[in-house]
Amino acid sequence: RSTSRLSNNTPVNGAIFAYNADRDAYAVAFAGTLNPGAAMEDLAGLLIPAGPVKLDFFSSGETYLSDFSSDPVPPAGGEINKPFPEPPEQAPLVHLGYRTAVESLSIGVVTPNNLKSILSGIEEEEFDLYVTGHSLGASVAQLFAAWVRAGGVPYKKIHVKCYSFATPKSANAPMSFNYGLALANDGFSYAVNN
């Protein structure tokens, strides 16, 4: 179990990390909104860049973006015509509060260990990781899955699969598109909403 805390030692975010020997797979479950600190993350709906960012109020070198070629792939035996002019490309953005929650648990100083150090400490170089959460935890799970897929844990080949429940919106359309290419379109992310 990992818990991020405020400077006065008040707990904010929580995650449980587990291993299933029958499936030879790992899992991490993120808690939803359990306290006022987590509620403040829900309310911090400012959209900030999904890659490395340096703002007056938030700085991070982490990225949630997977790299994809921007060049279209020509069809077999065909060619690609020049596309019609498109509007300027929008930057991929993520919810500040949910990004803060992800980074507090994945790379922050947490009790007992952050998730990056736990995943880095796994002996296998390649393994399956199931990620889940509800509400705030669901948004954190999706952003965490994007972070893992984008190379958040170097030198490991992690097959991440995300199951999120009642997920609040945590990104703009360009980031959602990147997430879809990285995870959802290949069946590695499922969002359950009622």
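In the next few minutes I will go through one helix, the core it belongs to, and one loop residue of this predicted model.

Let me begin with helix α4, which runs over residues 136–149. With 14 residues at 1.5 Å a residue, α4 should span 20 Å, and because its end C-alpha atoms do lie 20 Å apart, the expectation and the model agree. The helix is mostly covered, in that 13 of its 14 residues are buried, and after α4 comes Gly151, which has a positive phi, near 100°.

That brings me to the nonpolar core, where the largest one in the model counts 41 residues, and where Val28, Phe30, Leu119, Leu129, Val131 and Phe144 have the most contacts inside it. At least two residues of this core come from each of β3, α2, α3, β8, α4, β9 and α5, and it is α4 that gives the most, with nine residues. If we take Leu129 as an example and leave aside residues up to four places away in sequence, its contacts include Phe17, Tyr26, Val28, Leu119, Phe144, Ile158 and Val160, and also His159 and Lys161.

Finally, let us turn to Asn113, which sits in the loop between α2 and α3. Is Asn113 buried, exposed or partly exposed? Its relative accessibility is 40%, and since buried means under 20% and exposed means over 50%, Asn113 counts as partly exposed. Again leaving aside residues up to four places away in sequence, Asn113 touches Ser2 and Ile118, while its C-alpha atom is separated by 16 Å from that of Glu123, a residue 10 residues apart from it along the chain.

Methods: Residues are numbered from 1 along each chain as its sequence is written. This is a predicted model: local features need pLDDT of at least 70, side-chain atom pairs count only at pLDDT 80 or more; totals for chains, interfaces and linings use all residues. Side-chain values use heavy atoms; hydrogens and water are left out. Helices (H or I, at least four residues) and strands (E, at least two) are DSSP runs, numbered from the N terminus. The expected span of a helix is 1.5 Å times one less than its number of residues. Buried means under 20% relative accessible area, exposed over 50%, partly exposed in between (1.4 Å probe, protein chains only). A nonpolar core is a set of buried Ala, Val, Leu, Ile, Met, Phe, Trp, Tyr and Cys residues joined through side-chain atoms within 4.5 Å. Contact means heavy atoms within 4.5 Å.
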